[in-house]
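Me: I have a model open and want a quick walk through it. Can you keep the answers short?
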Amino acid sequence: MLMKGKDVYLMNVGDSRAVLARRREPDFKDIFFRPDQDLQLLKAEVMRELEAHDRNGLQCVQLTPEHSAAAEEEVRRIRSQHLTDRQAVVNGRVKGKLSVTRAFGAGYLKQPKWNDRLLEAFKVDYIGAEPYISCTPSLRHHRISSNDRFLVLSSDGLYQYFTNKEVVDQVAMFTAEQPDGDPAKHLVGELVLRAARKAGMDCRRLLEIPHGDRRNYHDDVSIIVMSFEGRIWRSSV
């Protein structure tokens, strides 16, 4: 991500995300343009819309597309480049191996020569010469508006346990209650708590598990929270 003034430029490869928190504008268009509107009724409907606006809180906008076998557009792209390979994407993975469709590394799915150098047990049935995955990024430009509040950049492990809306709501709630706190660290703590509950253990026990083995319970996670007031928080687990 590059931010210059009010312009934000994002490039991504893989399934990490950039999620924007935005304040929703109250919607008065269906209220003010009714013929013969009673003044008292108009006032009541305006108040209801304002209350709904406050109650619904922030909207979440995912600024980056997901490059994975869960994205139909990505699957179509790969299959169109490998028309003779019926196993190009199988069981939700490229060649049954990777869930991401764009990545750095993984040369054995980009060129036959790198696949040929693997031990036989790790090779895929590479058909043709076209790459199965690429490292071509997606590019997105966003112009910051007065309704934009903050941006969350994170690896996909966060979304094993949270939706985009839950991430935005967690950050908004935490920063409202603890203005001097670290929302990225808070998200990591909430993720560990949810992973521990799912595994039927407490957080301390989960964190005592060696890092490599802990991936059975949650993926590696890196998080950056950036407010548009100039503050940045980082955390990982």
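Reply: Start with helix 3: strand 5 (89–90) and strand 6 (93–94) are among what covers its buried residues. Covering here goes by contact, meaning heavy atoms within 4.5 Å. Helices (H or I, at least four residues) and strands (E, at least two) are DSSP runs, numbered from the N terminus.

Me: Which residues of helix 3 are buried?
Reply: Glu74, Val75 and Ile78, in a helix that covers residues 72–81. Buried means under 20% relative accessible area, exposed over 50%, and partly exposed in between (1.4 Å probe, protein chains only).

Me: Why do they line one face of the helix?
Reply: Seen down the axis of helix 3, the buried residues fall within an arc of 100 degrees, so they line one face. The arc is that of the directions from the helix axis to the C-beta atoms. An α-helix has 3.6 residues a turn, so residues three or four places apart point the same way.

Me: And what is exposed on the other side of helix 3?
Reply: Glu72, Glu73 and Arg76.

Me: Before I go on, what kind of model is this?
Reply: It is predicted: local features need pLDDT of at least 70, side-chain atom pairs count only at pLDDT 80 or more, and totals for chains, interfaces and linings use all residues. Residues are numbered from 1 along each chain as its sequence is written, and side-chain values use heavy atoms, with hydrogens and water left out.

Me: What is the mean pLDDT of the chain?
Reply: 89, and 86% of the residues reach 70 or more. pLDDT is the predictor's confidence in each residue, from 0 to 100. Among the elements, helix 1 (residues 29–32) has the lowest mean, 56, and helix 4 (residues 112–116) the highest, 97.

Me: Switching to the sheet. What is the strand order?
Reply: 4-3-8-9-10, an open sheet of five strands with antiparallel pairing. Two strands pair if DSSP finds at least two bridges between them.

Me: Which strands stand at the edges?
Reply: Strand 4 (58–62) and strand 10 (232–236). Each has a single partner strand, so one side of each is left without a neighbour in the sheet.

Me: What about strand 3, covered or not?
Reply: Mostly covered: five of its seven residues are buried. Six bridges join strand 3 to strand 8, and five join strand 3 to strand 4.

Me: What stands opposite arginine 22 in those two strands?
Reply: Aspartate 148 in strand 8, and glutamine 59 in strand 4.

Me: And between strands 9 and 10, how many bridges?
Reply: Five. Serine 222 stands opposite serine 236 in strand 10.
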